[in-house]
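Here is a short set of exercises to work through with the model open beside you. Try each task before you read its solution.

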Amino acid sequence: MLEIYRFGPIFWRLESRSMDVAIVSILAGISHGVVLFLVAAGLSFVLGLMGIVNIAHGALVMTGAYAGLHVAKATGSLALGGLAGALLAGLVGLVIERGFLKNLYRLQLEQILVTFGFVYMIANVHLWIYGAWPQAAFVPPSLSGSVTIGQFSFAVFRIIIIMIGVVLCPILWWIQDRTKLGAIIRAGMDDPDMASVMGINLRPINIAVFFLAACLAGLAGVLGASPLGGVNLGLGQDMIFLAVAVVVVGGVGSIQGALTGALLIGIFSALAGTYLQVLAIFVPYILMIIILIFRPQGLLGRK
Amino acid sequence: MKRLTVCLMVWLAAIFVVLALTLSNPQFGTAQTAGPIKIGGLFELTGFLAPIGKEAQQGALIALEQMGGKLLGRPVEFVLEDSATDVNTSMDKMRKLVEVDKVRIIVGPIFGGSQDAMGGYADKVRVPVITLPSGQNSNVLKNQWTFLAAGTDESNGYPMGIYAAEKLGYKTATTIGSDFSAGHEFVGGFVQGFEARGGKTIQQQWYPPGTTNMVPFLVAAKKADCLVTWWPGADTFAGFKQYKELNIKMPIVQPEDGGVTCNPAASKGLGDVIVGVYATVLYSYLAKTPGNKEFVEAYTKKYGVPPGPLAGCGYCSMQIALEALKKAGNDTSPETLKKALLGLKLNTIHGPLSFNKWRIATYTCPVVKIDQNLVPQIVAEYRVNSEVVKGKLVYSLEK
């Protein structure tokens, strides 16, 4: 009895610490997953509707992050920063689509080459304007606190990111599944030729979807800068590979798919980081391979 | 007979033409002892190491300027190339520097992968490469023409381990490092020094390069007297930011500052989370070493901030290259240049510096503590001897 009494509390403390570690890891994974969702949702729709593989999507994340940081610092408002980041990324996206990609529909190799070129150009423009040093992210003082989870703290801003995801996801799902615009987008993804025969002009829809996808990428850059440790020239590059994995896991052209894939990859990567350490790098891609083998259209992708 | 005479005349004419063309070439006979002395520079001007690559280049240029751009009465031509923080690009650029530009010595690069790849080629063409920061063990154990101007990565981590155990009184350490060779070697140096002084490393974690979410690794860190981190470049921002978010109380020590924590151009962005952090640095702008004051003044005047660790390394490596070329004089054989490098005894901004037979520099390595104004104040200085014993690198403090 004495032994149990002596070791009992120690055992409980260990278990309690393990629980704290798991909870914090999962929450960090969810907040990372929401940022990934914003990046991957746009990528998924552009691929599904327009058949465009936009490698420069990550560079748009970085564009949004830098512009958002600049405006947020100048105005003291994260909302204005988010708006500016999203709009600038959207405008750059429009330039890429209208200036180049509109002539390259269905030419995927050319799309990859052109958008890959934009990755370098956009990165070098930012290098020229902002310099090479990473910059600290902007977090408003009102959101810079933290909540205590056992022996750890968890940033309030990460919880705000999760809440933004909770609000944005139903809105995007509603647009996709319950509006006329969503119906046209779905029709365009399922059978663009048939949609055209039915008198639907897909060109403005394509432009709007590309613009919105770029805006979401820009917003992801602004929101993701803080939990990902700041704004730097590699920010988008780091995210684009994971976003592609999210699209494969969740499926192309589906908000639910993008969310499911992003949360799975966010949470599994975080838990793998905690418990499998360096093997964490393989987890998103192993998940991707498993999905490709057993369900090539993704968990919730359009057939 | 007549036919033989004609044939002889034709041969003589041909030889005359060849000789005339050769002698009329301005390069002939002058390339070795006249014309500019060419030094190659391979710096990370783009890619993920661009911030520190640019600084290293700026430091090297100050060394050239202070020397007046001339050596042995001949102009010095600095042929600068961007390695793009990429192994393949580094190799292409090195071939160009050696085969097209005909440089005699190369300063750079920073990226360990590039250093590693270039080492074999340097051995083949017998062109000395003076690394910018510390170098990896493979450069010592595999290659013969790579000179490690700031020691090995391990030799820089080693004094931090000694200091943590002896002066800070830490008994246990848990480590987090980027999972590539430099990460393993900086942290490995710390562990060697720490355990040599009775410390115990209770856990070692390695995160995949490119990780931005450090939370899983930070929360998994076991409780110890100190948290040892090696976060290169932008990882430093993610690491410190998330360490602060999680309100972890373990003090951080760094077996090299990743080029950021002690860099006046970048540390402001990290904020007060770095106050109290201990780190070894490859160079400190506060060091009271010969020529450092003049270098810091010149650099600050030109670039607006005091030089960071890599700026100091760029300056020192260029200083080494220039002194070796001067010592070799007009004898341009690669072996003479290598011998000159091995025989150098310099007073540098890194303190007294010389290479041992394994081409590893012994220099003064500062341990710093970041104060309230984010200034990395020097709290100790160590000189580490590196030697190869039974195929392994072993370190000890210079007596």
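**Exercise 1. Overall form of chain A**

What radius of gyration would a compact globule with 303 residues have, and what does chain A have?

Solution. Keep in mind that this is a predicted model. Start with the rule: for 303 residues, a compact globule would have a radius of gyration near 19 Å. Next, take the value for chain A, which is 21 Å and agrees with that expectation. Then look at the extents: the C-alpha trace of chain A spans about 80 × 45 × 35 Å along its principal axes. Finally, list the secondary structure: chain A holds eleven helices and two strands, in the order α-α-α-α-β-β-α-α-α-α-α-α-α from the N terminus on.

**Exercise 2. A helix pair in chain A**

Describe how helices α2 and α3 of chain A meet, and classify the residues of their contact.

Solution. Begin with the geometry. Helix α2 (residues 57-75) and helix α3 (residues 78-99) of chain A have axes that come within 7 Å and cross at roughly 145°. The crossing of α2(A) past α3(A) is right-handed. Now find the residues: α2(A) contributes, among them, A:Leu60, A:Gly64, A:Gly68 and A:Val71, while α3(A) contributes residues including A:Leu78, A:Gly81, A:Gly85 and A:Val92. Sorted by class, the contact has 13 nonpolar, eight polar and no charged residues.

**Exercise 3. A helix pair in chain B**

Do the same for helices α6 and α7 of chain B.

Solution. Helix α6 (residues 153-166) and helix α7 (residues 181-196) of chain B have axes 6 Å apart and pack at an angle of about 35°. Their crossing is right-handed. Among the contact residues are B:Asp153, B:Tyr158 and B:Met160 of α6(B), together with B:Phe186, B:Phe190 and B:Phe194 of α7(B). The class count gives twelve nonpolar, eight polar and three charged residues.

**Exercise 4. Where chain B touches chain A**

Which element of chain B gives the most residues to the side that touches chain A?

Solution. First, size up the contact: 29 residues of chain B are in contact with 28 residues of chain A. Then identify the elements of chain B that give two or more residues: α2 (50-67), β8 (200-207), α8 (215-219) and α9 (235-245). Of the elements, α9(B) gives the most, with five residues. The chain B side as a whole divides into 17 nonpolar, eight polar and four charged residues.

**Exercise 5. Two domains of chain B**

How many residues of domain 1 of chain B are in contact with domain 2 of chain B?

Solution. Set the bounds: domain 1 covers 37-150 + 288-362, and domain 2 covers 154-281 + 365-397. Their C-alpha centres lie 26 Å apart. Across the boundary, 19 residues of domain 1 are in contact with 24 residues of domain 2. On the domain 1 side, α2, α5 (137-141) and α11 (309-328) of chain B each supply at least two residues. The element giving the most is α5(B), with three residues. By class, this side has twelve nonpolar, seven polar and no charged residues.

**Exercise 6. A sheet in chain B**

Why do β12 and β14 of chain B each have one side without a neighbour in the sheet?

Solution. Write down the order: this open sheet of three strands runs β12-β13-β14 (chain B), with antiparallel pairing. β12 (345-348) and β14 (361-362) stand at the edges with a single partner strand each, so one side of each is left without a neighbour in the sheet. Four bridges join β12(B) to β13 (residues 351-355) of chain B. To see the register, find B:Asn347, which stands opposite B:Pro352 in β13(B).

How values were computed:
Residues are numbered from 1 along each chain as its sequence is written. Chains are lettered from A and ligands numbered from 1 in the order in which they are written. This is a predicted model: local features need pLDDT of at least 70, side-chain atom pairs count only at pLDDT 80 or more; totals for chains, interfaces and linings use all residues. Axes are lines fitted to C-alpha atoms, for helices over the stretch in contact, and angles run from 0 to 180 degrees between N-to-C directions. A crossing is left-handed if the near helix is turned anticlockwise from the far one by less than a right angle, and right-handed if clockwise. Two residues are in contact if their C-beta atoms, placed from the backbone, lie within 7 Å. Ala, Val, Leu, Ile, Met, Phe, Trp, Tyr, Cys and Pro count as nonpolar, Asp, Glu, Lys and Arg as charged, and the others, Gly among them, as polar. Domain bounds come from an automatic or database domain assignment. Two strands pair if DSSP finds at least two bridges between them. The radius of gyration is taken over C-alpha atoms; the globule rule is 2.2 Å times the number of residues to the power 0.38.
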